[in-house]
Amino acid sequence: MSEQQEREILTYELFGTAVRDIAQKVVDSGYEPDIVLSIARGGLALGMGLGYALDVKNLSAVNVEFYTGINERLDVPIMLPPTPAAVDLTGMKVLIADDVADTGKTLEIVHDFCEGHVAEARTAVIFEKPWTVINADYVYKKTDRWIDFPWSSQPPLVDRRGGQAH
């Protein structure tokens with residue numbers, strides 16, 4: 001099996017299809033979020049797309065660090081500052097957006113952060129892995145493959161560790 005066959009390849013064009021598909025699932029479910037909370041960095045594009053598709057202008061982001069490289073991750077995800085104040089989310093219907101639910105621990109930590117403060121929190125992801133600890137409410141595609149996202153499949157143009165351009 002070639003490397004191409006072992007991976008999900010998400011193009012920018014297919015990403016646009018995924019955003020509309022997920023947004024339609026949200027609409028069909030009757031859920032009307034007050035805010036889209038994106039998990040940075042991977043969920044930022046989805047959050048923006050869902051904001052437009054669902055006509056939600058209140059967008060926010062939370063930074064969660066988990067992956068350090070392909071198949072390399074920290075023991076537990078950690079939320080990095082600045083985080084939205086839980087009090088600012090009080091009583092809101094929140095739609096949490098991320099690119100993938102792999103272990104699901106990143107989604108879980110953000111969902112738990114919202115619990116007890118918000119009226120309701122639901123989750124939306126482009127891809128969901130079968131072994132995730134939390135199943136998203138809205139999913140474009142389920143897969144057990146490694147995923148190449150259009151925004152992260154090529155190396156950065158700069159090396160922040162050494163400051164050298166590519």
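This section describes the nonpolar cores and the salt bridges of a predicted model.

The largest nonpolar core comprises 22 residues, and those with the most contacts inside it are L46, L50, L95 and I126. Two or more residues are given to this core by each of the elements α1 (12-29), α2 (44-53), β5 (93-101) and β6 (120-128), with α1 providing the largest share, six residues. Once neighbours within four places in sequence are left aside, L46 is found in contact with F15, V19, I22, A97, D98, A124, V125 and I126. Another core, of 19 residues, lies apart from the largest one and has L37, A101, V110 and V139 among its members. In soluble globular proteins, nonpolar side chains tend to be buried together.

The salt bridges number six, including three pairs that link distant parts of the chain. In one of them, E8 of strand β1 (residues 7-9) is joined to K141 of strand β7 (residues 138-142), 133 residues apart, with an N to O distance of 3.0 Å; E8 is buried at a relative accessible area of 9%, whereas K141, at 35%, is partly exposed. Strand β7 also contains K142, which lies 14 residues from E128 of strand β6 and pairs with E128 in a salt bridge at 3.4 Å, N to O. Here E128 counts as buried at 3% relative accessibility, while K142 is exposed at 59%.

A further salt bridge is formed by D102 and K129, whose closest N and O atoms are 3.6 Å apart; D102 belongs to the loop between β5 and α3 (105-114), and K129 to the loop between β6 and β7. Because buried means under 20% relative accessible area, D102 at 9% and K129 at 5% both count as buried.

Notes: Residues are numbered from 1 along each chain as its sequence is written. This is a predicted model: local features need pLDDT of at least 70, side-chain atom pairs count only at pLDDT 80 or more; totals for chains, interfaces and linings use all residues. Side-chain values use heavy atoms; hydrogens and water are left out. A nonpolar core is a set of buried Ala, Val, Leu, Ile, Met, Phe, Trp, Tyr and Cys residues joined through side-chain atoms within 4.5 Å. Buried means under 20% relative accessible area, exposed over 50%, partly exposed in between (1.4 Å probe, protein chains only). Helices (H or I, at least four residues) and strands (E, at least two) are DSSP runs, numbered from the N terminus. Contact means heavy atoms within 4.5 Å. A salt bridge is a side-chain nitrogen of Lys or Arg within 4 Å of a carboxyl oxygen of Asp or Glu.
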